[in-house]
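Let's look together at the empty spaces in this protein and at one place where helices pack. Have the sequence and the model at hand.

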Amino acid sequence: MAEQIQHSFKRHEIKFLLKPDIFQMLYPRLRERMEEDVYGLYPICNVYYDTPDYQLIRHSLDKPVYKEKFRLRSYGPITVDDMMFAEIKKKYKGIVYKRRVSLKGSECGDLFNNREAAFDSWQIHREILQFFNTYPNLTPKVYIGYDRIALAGIGADSTLRVTFDQNISYRETGLSLWGEGDLSPVLPEEVIVMEVKVAHAVPLWLVSLLSEYGIYKTSFSKYGTYYNQYIAKKLMERIRLSC
């Protein structure tokens, strides 16, 4: 999987929400111009970190010019001795910057506590340490997993990537990538999240294809949707009961 060996990204990421019937019509049309990832349908697992009062996601949902978040990610279930990624994801004026290091679960303490360890990028490691110094009370808040199909552009479109995420689920226990717990759906209905990832402009042929099917970009965050659906409502209810 090409994305697994990259440690630094700078690109536009444009999101769309699709009903399954639209996906079934769109996907074969995209396959005429793009290649499917050799892994086919594969799982992605994430643990998002935040402050006790959810400062990072609340700020992000206000749609600021600049926002950032931190998560641990693996491609499929892992054990504490398997490889995963620690990622800082930032967005500034519509451009996404992602910086990450690969490590084993057993190395998490080394990453967060600035102890000597063999990381693939000391520069990114220092950036993560600075992130935790800026937000010293970060803790894991939620596990979010989903199944992904990825397409890559061909030839002149080689930097283009289109992904489809489905079966988006969360758990609030077992908050590590090797933890366990019952999963619940993030979205109340079956929706596929399509994401167009491109270094520069979206190809005109893709713009035309999306227009043909009436597909328009939207603002969407898996973690943000979880927060709005479940956490914000709980917090508001606590405030109401305390008044």
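Q: Of the nonpolar, polar and charged residues, how many of each class does the lining of the largest cavity have?
A: This is a predicted model, where local features need pLDDT of at least 70, side-chain atom pairs count only at pLDDT 80 or more, and totals for chains, interfaces and linings use all residues. Residues are numbered from 1 along each chain as its sequence is written, and side-chain values use heavy atoms, leaving out hydrogens and water. Ala, Val, Leu, Ile, Met, Phe, Trp, Tyr, Cys and Pro count as nonpolar, Asp, Glu, Lys and Arg as charged, and the others, Gly among them, as polar. On that basis the lining of the largest cavity has 5 nonpolar, 1 polar and 13 charged residues.

Q: How much space lies in the largest cavity, and which residues are the closest to its centre?
A: On a 1 Å grid over the protein atoms alone, a cavity is a set of points where a 1.4 Å probe fits but cannot get out, and lining residues have an atom within 4 Å of a point. Points are joined across faces, edges and corners, and a volume is the space filled by probe spheres set on them. The largest cavity holds about 160 Å³ of space. Of its 19 lining residues, the closest to the centre are K15, R71, K89, E195 and K222.

Q: Which residues lie nearest the centre of the largest pocket?
A: A pocket is an open set of points with protein on both sides within 12 Å along at least five of seven lines. About 750 Å³ of space lies in the largest one. Its lining counts 29 residues, and nearest the centre are K15, K67, K91, S219 and F220.

Q: Are helices α2 and α6 roughly parallel or antiparallel?
A: Helices are DSSP runs (H or I, at least four residues), numbered from the N terminus. Axes are lines fitted to C-alpha atoms over the stretch in contact (heavy atoms within 4.5 Å), and angles run from 0 to 180 degrees between N-to-C directions. Here α2 (residues 20–31) and α6 (residues 204–212) pack at about 160°, their axes 11 Å apart. Because angles over 145 degrees count this way, α2 and α6 are roughly antiparallel.

How values were computed:
Helices (H or I, at least four residues) and strands (E, at least two) are DSSP runs, numbered from the N terminus. Angles under 35 degrees count as roughly parallel, over 145 as roughly antiparallel, 65 to 115 as roughly perpendicular and the rest as oblique.
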